[in-house]
Amino acid sequence: MARRTRMCLTFPGIVVVCLLLLVGLVETANEVDPYNILGVTKSASQTEIKKVYKRLAREWHPDKNKNEGAEDMFIKITKSYEILSNEEKRAKYDRYGQTDDTQPYGHGHYGHGHDQFYFDESFFHFPFSNKGSQEFADSKYALHFNQYVNDVVPDSFKRPYLIKITSDWCFSCIHIEPVWKEVVQELEALGVGIGVVDVGYERRLANHLGAHRTPSILGVINGKVTFFHYAVVKEHLRQFVEDLLPQRLVEKVNNNSSNKQHDFANSQIFFCVCMFQVTDRNDLQFLNSWHEQNKPHVLLFDQVPVVPLLYKLTAFAYKDYVQFGYVDQGLSDTANLLKQFNINTYAPTMLVFKESIDKPADIIQAKGMKKQVIDEFILNNKFLLVPRLVNQKLFDELCPVKQFHRRRKYCVLLITGDEESYTIGNQAFLSFAYTNTQEVVRFAYVYQRLQQPLCDTLLKTKDSTQPPQVFILERRNAAGKVLYKEVAGGWNGTDKNKQRLLDELQRLQKDPSILNQDAMLPELNNEFASMFLIRWIYTAYDYLTEIIDDILHNNWREMMPLLSLIFSALFILFGTVVVQAFSDSSEDGKSKPKAKDGAKAENGSPGSSSTSSRPPKKNFVEVTELTDITYTSNLVKLRPGHMNVVLVLTDASKNVLLSKFAKEVYSFTGSLTLHFSFLNVDKHSAWMETLLEFAQDAMQIDTDEDDGARHKIDYTGYILALNGHKKYLCLFRPVYTGEEGPGGATGGGRRSGSREDHPPRRSMPRSRSTATLQIHHKLDRLGLWMERLMEGTLPRYYIPAWPGLEKITAPK
């Protein structure tokens, strides 16, 4: 009886649980409705759905919306867009109420605090090892630093790259692996470059790319890195690659003559028009632009309303050679074009137009256009039949350098003008090229006004009034050497001119030696090079875009190192200014000397030196004489890091020079590594001469060599800074800065060793006061020299060993 009661009490609970589950399923079904989540009707177009999705994604992105439930709402929005943006999934949902991979949204862990993007929970699984799921990427797409710099970056100017940053034991990397593998298989077939960087092995490359977390996905195009910040689903990654490409790669072409016409040739703001043009070109505008752009034009006819990604990637790869257009066969405005060129609407068709806009030069049609087929088609039609040489790169490709005897390539070049008077001759040259196409001969022309250096070299004159001329060239090396021959008679487009050129080409096939002239051609001017201001604007725009993108998508934790660096720099700058201001004010208050102190300074007091702000530790200068007794302790065994500053003097100049020396070096007595001595050159001239043999570079002293007699050098006033441990010396040579005294004291900057500055007393007698003034001024610039000595910026003269004691001992 008790058992039956417990069973009866349990049954209502089961009923309640079932009811709750049914209610939950109903609520979940309501939540899954992508139309309700995005707030669009079932008749909404793809443009409307995409516009609403972008608005809601910005509003509910967890990095911007901190409300509870923002993360779940963002995931719902993402999955709803994934369903409605795919026509197949949308059709299944409209018919059956679900798709094959529709899963309840629920609440899961999505790692937004660590990842730069969000992975799809439907791919959530835990394999035992990460290497198994990444085997295909690691073996084929692994990137190294040198490979990235040498191969990927240059190649990114022709195709975009999609790179994944991963590492071992990265669980989030495991979650995105199925989506990544599917996207790689699709985009690689379209021509997108793929790369995988393992942070554990290529930390240097990851830091170079700016990827400081795993997993990260980034794109590289034109050498620029852009990070992916959205949910890792196939549609988002595909759209990310498409957004990397420039906007105006492919022109929408129709046959609507009511479109507004634009005269690009006469517009003075051509680059602004190209950047901000909104209206589409019609067929005549598009095809007639071959002349100003100097490119063939390719038209793709297809039934889809948007330009296929494969076609955009092809347009980016060959943007320097071909102009691309797209025709939507479903529009009524394109019906005349389909009829004019007899287009089969059941398969994509590609036409290439060159100089003729009425008839395509080549055509290809296939139900499934493959990248290899399109590349081969474009490579066979990269150039016009008679292109204009507008830069050196085009010249190198049209007229390659001779490599082997059997692979000779000749270039028939017309030098003409762009004025209307040259039109007939230019058209005649084009018609001649049409009827005389050969595999080894390329036809081209240049405008003399735009390529003046090249034309002057071939014409051997600077007369711009000459009629058009035709030259046959064969390039011999990349430095510019060519063999050439001028076709006689000029070029006016007459039948006679055509026959002469034909005869020369026929002779060339039999005898290549008719090219009997040679020249070194200068590099061609780049006629399409943009102005410096335009390049600067583009660079500044890219830089600002990158900064804004980093600010919008990076969280504060990522920005902390940058903010810390900025605030540290500001703090140091501010602190330096404040400390400098207080120190200046305190020094101003202490630097007002009394009148008697000023008088003392004028009389040569040691405290008058102003060459240094170091506070002296002594109130006197201790100067010892360098003799055989003090030689070892003051020089040979001087401690490491210490230096002896030695004044060279004579008995006659001893008192004057010591007083001046003490005054100049007094402010440096606070340094414990400096010692001060003096050397009497009258006693130790042999030691002085032996030592200075190792400083010959500094001994460029003016001498009076009348009658070939070399006079003895006067070393009075020299200063030797001797480092006993490292065995080198620094030399100070006296200069005059005084303003008094004839013939010696006024020599500002003159070398004291000159005979003109120091004539012997017996040849030109002077008063005792004048001689004293001369000696006193020998050390005028010693303070500045001492400053440089302390800074370590003086030249050093190394010696193998200090002179022996016999050199320092006074002669008996």
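Biologist: Which residues form one aromatic cluster with Trp491?

Modeller: That'd be Phe429, Phe432 and Phe443. Keep in mind that this is a predicted model.

Biologist: How many aromatic pairs does the structure hold?

Modeller: There are 18. One of them joins Tyr35 and Tyr93, a tilted pair at 6.2 Å centre to centre with 45° between the planes. It ties together distant parts of the chain, with Tyr35 in helix 2 and Tyr93 in helix 5, 58 residues apart.

Biologist: Is Tyr35 buried or exposed?

Modeller: Tyr35 counts as buried because its relative accessibility is 3%, under the 20% cut-off. Tyr93 is buried too, at 11%.

Biologist: OK, switching to cores. Which residues have the most contacts inside the largest nonpolar core?

Modeller: Leu162, Tyr311, Phe324, Met350, Ile378 and Leu458, in a core of 67 residues. Helix 9 gives the most to this core, with seven residues.

Biologist: And what does Phe324 touch?

Modeller: Leaving aside residues up to four places away in sequence, its contacts include Leu249, Phe286, Val298, Tyr311 and Ile378. There's also a second, separate core of 26 residues, with Val621 and Leu789 among them.

Biologist: Now pockets. What volume does the second largest pocket have?

Modeller: About 1,800 Å³. It's lined by 50 residues, and the closest to its centre are Glu242, Val306, Val307, Pro308 and Leu309.

Biologist: Which helix gives the most to that lining?

Modeller: Helix 11, with seven residues.

Biologist: How do the lining residues divide by character?

Modeller: The lining of the second largest pocket has 20 nonpolar, ten polar and 20 charged residues.

Technical notes: Residues are numbered from 1 along each chain as its sequence is written. This is a predicted model: local features need pLDDT of at least 70, side-chain atom pairs count only at pLDDT 80 or more; totals for chains, interfaces and linings use all residues. Side-chain values use heavy atoms; hydrogens and water are left out. On a 1 Å grid over the protein atoms alone, a cavity is a set of points where a 1.4 Å probe fits but cannot get out, and a pocket is an open set with protein on both sides within 12 Å along at least five of seven lines; lining residues have an atom within 4 Å of a point. Grid points are joined across faces, edges and corners, and a volume is the space filled by probe spheres set on the points. Helices (H or I, at least four residues) and strands (E, at least two) are DSSP runs, numbered from the N terminus. Ala, Val, Leu, Ile, Met, Phe, Trp, Tyr, Cys and Pro count as nonpolar, Asp, Glu, Lys and Arg as charged, and the others, Gly among them, as polar. A nonpolar core is a set of buried Ala, Val, Leu, Ile, Met, Phe, Trp, Tyr and Cys residues joined through side-chain atoms within 4.5 Å. Buried means under 20% relative accessible area, exposed over 50%, partly exposed in between (1.4 Å probe, protein chains only). Contact means heavy atoms within 4.5 Å. Rings of Phe, Tyr and Trp (its six-membered ring) pair if their centres lie within 6.5 Å; planes under 30 degrees apart count as stacked, over 60 as edge-to-face and the rest as tilted.
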